[in-house]
Amino acid sequence: MPTESPAGEPPARSKRADAQRNRQTVLTAAAEVFVTSGVDAPIRQIAARAGVGMATIYRHFPTRADLVTAVYRHQIEACAEAGPKLLASADSPLDALRQWIDLFVDFLVTKHGLADALQSDSDRFAALHTYFLDRLMPVCAQLLDAAVDAGDIRPGMQPYELMRGIGNLCIGRDSDPRYDPRRLIALLLKGLQQPRPA
């Protein structure tokens, strides 16, 4: 069992674990704030949601671009990890696909301001886009294949097409409060469903 150092300080491993927990708490809070207030939300709002001081945020993420990039990667990982878990726990592969798409839409809302936040850092943006496709397309494919195998949806929908279509349906959400992309996404999924024999 680790002991305290002579100066009464907790061991370095404990400090690293605390720092990692703080980082994850900040990322989760920032993602929630970005969904509701956009990527330009005040850092103090994120700090309040995370229950940490602003200095903690700046220690982990010296610039807003660093924070936005980290949130983007954090959400990609959460979305990627959710797919198999949803397949294992949902009532059907179609329900798993629906729930995953709901997470994906939340992610896309945050992603909307990414390009502006990174400004002229096109290399960083391109690397993140590649990471996004590499991590999420296989998960989407797994969910689609499971739904096809279960007879829930028709075969032929490609993961990239579905993800791109959902992304396109999400455009305009910020500029028009009357527009709800989730209604159209629900119609899209209904159109993919396999008709049941009468």
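Of the contacts in the chain with a separation of 6 or more, what share comes from residues 24 or more positions apart? The figure is 66%. Keep that number in mind as you look around this model, which is a predicted one. The chain has 198 residues, and 36% of them count as buried. As for secondary structure, you'll find nine helices and zero strands, so reading from the N terminus the elements simply go α-α-α-α-α-α-α-α-α.

Let's start with helix α4, which covers residues 64–89. Its 26 residues reach 36 Å from the first C-alpha to the last, close to the 38 Å expected at 1.5 Å a residue. There is a bend of about 30° in α4 at Gly 83, with a proline, Pro 84, following within four residues. Gly 83 itself counts as buried because its relative accessible area is 0%. Who sits against Gly 83? Setting aside neighbours within four places in sequence, Gly 83 is in contact with Trp 100, Val 139 and Leu 143. Ile 101 is worth finding here too: Gly 83 and Ile 101 are 18 residues apart in sequence, and their C-alpha atoms are 9.5 Å apart in space.

Trp 100 takes us to the aromatic side chains. The count of aromatic pairs comes to five. One of them joins Trp 100 and Phe 104, which are stacked at 5.4 Å centre to centre with 5° between the planes. Both residues lie in helix α5 (residues 93–111), four residues apart, or about one turn of the helix. Both are buried as well. Phe 104 also stacks with Phe 132, this time at 6.1 Å centre to centre and 15° between the planes. That pair links distant parts of the chain, since Phe 104 belongs to helix α5 and Phe 132 to helix α7 (residues 122–149), 28 residues apart. Buried or exposed, these two? Phe 104 has a relative accessible area of 0%, so it counts as buried. Phe 132 is buried too, because its value is 6%. Step back a little and you can trace a cluster in which ring pairs link Tyr 72, Trp 100, Phe 104, Phe 107 and Phe 132. Another ring has a charged partner: Arg 73 lies over the face of Tyr 131, at 4.1 Å from the ring centre.

Now for the nonpolar packing. The largest nonpolar core has 33 residues, and the ones touching the most other members are Trp 100, Ile 101, Phe 104, Leu 136 and Ile 166. The elements giving two or more residues to this core are α4, α5, α7, α8 (159–170) and α9 (181–192). A second, separate core has 20 residues, among them Val 26, Ile 46, Leu 67 and Val 71. Back at Phe 104, leaving out residues up to four places away in sequence, its contacts are Cys 79, Phe 132, Leu 136, Met 163 and Ile 166.

Leu 136 and Phe 132 both point us to α7. This helix has 28 residues and reaches 40 Å from its first C-alpha to its last, close to the 40 Å expected at 1.5 Å a residue. Where does α7 bend? The bend is at Leu 136, by about 30°, and a proline, Pro 138, follows within four residues. The buried residues of α7 include Tyr 131, Phe 132, Leu 136, Val 139 and Leu 143. Among those, Val 139 and Leu 143 are contacts of Gly 83 in the α4 bend.

Asp 149, also in helix α7, has another setting. With a relative accessible area of 68%, Asp 149 counts as exposed because the cut-off is over 50%. The C-alpha atoms of Asp 149 and Pro 93 are separated by 8.9 Å, although the two residues are 56 residues apart along the chain.

Following α7 comes Gly 151, whose phi is positive, near 80°. Further on, in the loop between α7 and α8, look for Pro 155. Its relative accessibility is 60%, so Pro 155 counts as exposed. Pro 155 still has partners: not counting residues up to four places away in sequence, it touches Val 148 and Gln 194. Gln 193 is 38 residues from Pro 155 in sequence, and their C-alpha atoms are 9.5 Å apart in space.

Notes: Residues are numbered from 1 along each chain as its sequence is written. This is a predicted model: local features need pLDDT of at least 70, side-chain atom pairs count only at pLDDT 80 or more; totals for chains, interfaces and linings use all residues. Side-chain values use heavy atoms; hydrogens and water are left out. The expected span of a helix is 1.5 Å times one less than its number of residues. The bend at a residue is the angle between axes fitted to the seven residues ending there and the seven starting there. Rings of Phe, Tyr and Trp (its six-membered ring) pair if their centres lie within 6.5 Å; planes under 30 degrees apart count as stacked, over 60 as edge-to-face and the rest as tilted. Buried means under 20% relative accessible area, exposed over 50%, partly exposed in between (1.4 Å probe, protein chains only). A charge sits over a ring if NZ of Lys or CZ of Arg is within 6 Å of the ring centre and within 35 degrees of the ring normal. A nonpolar core is a set of buried Ala, Val, Leu, Ile, Met, Phe, Trp, Tyr and Cys residues joined through side-chain atoms within 4.5 Å. Contact means heavy atoms within 4.5 Å.
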